[in-house]
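Visitor: Before we begin, could you bring the model up? I should like to go through its charged pairs.

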Amino acid sequence: MDKITAVIITQDEERNIGRCLESLREVADEVVVVDSGSTDKTEEICHGYGVRFEHHEWAGYSGQKNYANSLATHPWLLSIDADEALSPELRSRLLQMKEAGFDTGTVYSFNRLANYCGRWIRNCGWYPDRCVRLWHAGTATWDGLVHEELRYSKEVRHAVVEGDMWHYSYYTVDEHARRTVKYAAMAGEKAYGQGRRFNGSIGMKVAWTFLRNYLFRLGFMDGKTGYVVCKMSAFYTLIKYAKLRELSEDTH
């Protein structure tokens with residue numbers, strides 16, 4: 001049977017971390033939590049589950065996750081965020097695969113199903129939001145300051161594991177708005193750093209983002225909540241390109 005280390009980075013995750021850790025029972029043979037300065041009950045809850053809890057100064061999303069991965073003692077890494085949890089179906093499938101043995105040349109993706117303000121979002125371009133979350137140690141490292149991505153050290157095959165990983169994304173619209181401003185601005189800075197420039201119509205991009213997600217990606221099927229999600233995605237586009245244009249104009 002293959003052994004798995006689950007890796008989580010945290011900061012003030014008391015409302016989420018217990019649910020996440022509970023879902024990892026039996027699937028993970030070891031859980032490593034790397035915390036960057038929680039002031040709530042995150043550490044207390046983690047110790048209650050018997051995890052390895054380490055303090056580490058914030059090193060950016062990729063740096064923090066790579067440090068956490070380096071602490072793993074088992075050959076398979078399962079990367080999961082504190083606000084995520086394995087659904088019973090996904091958990092059951094992983095236990096079956098673990099018993100049979102994973103393929104060291106394959107990286108495994110999970111479908112993420114988001115819970116937004118208490119409602120599951122199955123459209124709006126949010127689902128299946130497939131992410132690689134399980135791989136053999138040494139196969140991949142995280143890269144990037146925001147929306148970090150995996151970089152592979154060798155050619156790999158990709159497989160999708162049956163079942164959903166639940167993502168408890170936002171509890172309130174206010175929380176979503178605050179984080180949208182933060183991450184969208186970072187995305188604009190990242191794009192600028194990659195050499196992209198922008199002086200076109202931000203309004204057209206915002207309108208297209210909303211129409212694409214609400215109509216073509218069936219956001220209207222998620223009712224009033226879907227409308228809010230699509231409006232917030234358009235808001236993200238507004239902030240991202242406003243930041244990119246601001247930086248582009250500063251260079252002239």
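**Charged pairs and their surroundings**

Guide: R133 is buried in this predicted model, its relative accessible area being 5%; buried means under 20%, exposed over 50% and partly exposed in between, with a 1.4 Å probe and protein chains only.

Visitor: Before we go on, what sort of model is this, and how are residues numbered?

Guide: The model is predicted, so local features need pLDDT of at least 70 and side-chain atom pairs pLDDT 80 or more, while totals for chains, interfaces and linings use all residues. Residues are numbered from 1 along each chain as its sequence is written, and side-chain values use heavy atoms, without hydrogens and water.

Visitor: Fine. Which residue forms a salt bridge with R133?

Guide: The partner is E84, and the closest N and O atoms of the pair are 2.6 Å apart. A salt bridge here is a side-chain nitrogen of Lys or Arg within 4 Å of a carboxyl oxygen of Asp or Glu.

Visitor: Where do R133 and E84 lie?

Guide: R133 lies in strand β8 (residues 131-136) and E84 in strand β5, so the salt bridge ties together parts that are 49 residues apart in sequence. Strands (E, at least two residues) and helices (H or I, at least four) are DSSP runs, numbered from the N terminus.

Visitor: And E84, buried or exposed?

Guide: E84 is buried, with a relative accessible area of 0%.

Visitor: Which residues are linked with this pair in a network?

Guide: The network of salt bridges links K65, D81, E84, R112, D129, R133 and E148.

Visitor: What about K65 and D81 themselves?

Guide: Their side chains meet in a salt bridge, at 3.6 Å from N to O. K65 belongs to helix α3 (residues 60-70), whereas D81 sits in the loop between β4 (76-79) and β5 (84-86), so this contact ties together parts that are 16 residues apart in sequence. K65 counts as buried, at 7% relative accessibility.

Visitor: How many salt bridges does the whole structure hold?

Guide: The structure holds 17 salt bridges. One of them joins R25 and E22, with the closest N and O atoms 2.9 Å apart.

Visitor: How accessible are R25 and E22?

Guide: R25 is partly exposed at 45% relative accessibility, and E22 is likewise partly exposed, at 38%.

Visitor: A change of topic: where does W208 lie?

Guide: W208 is part of helix α6, which spans residues 202-216. W208 is partly exposed, with a relative accessible area of 45%.
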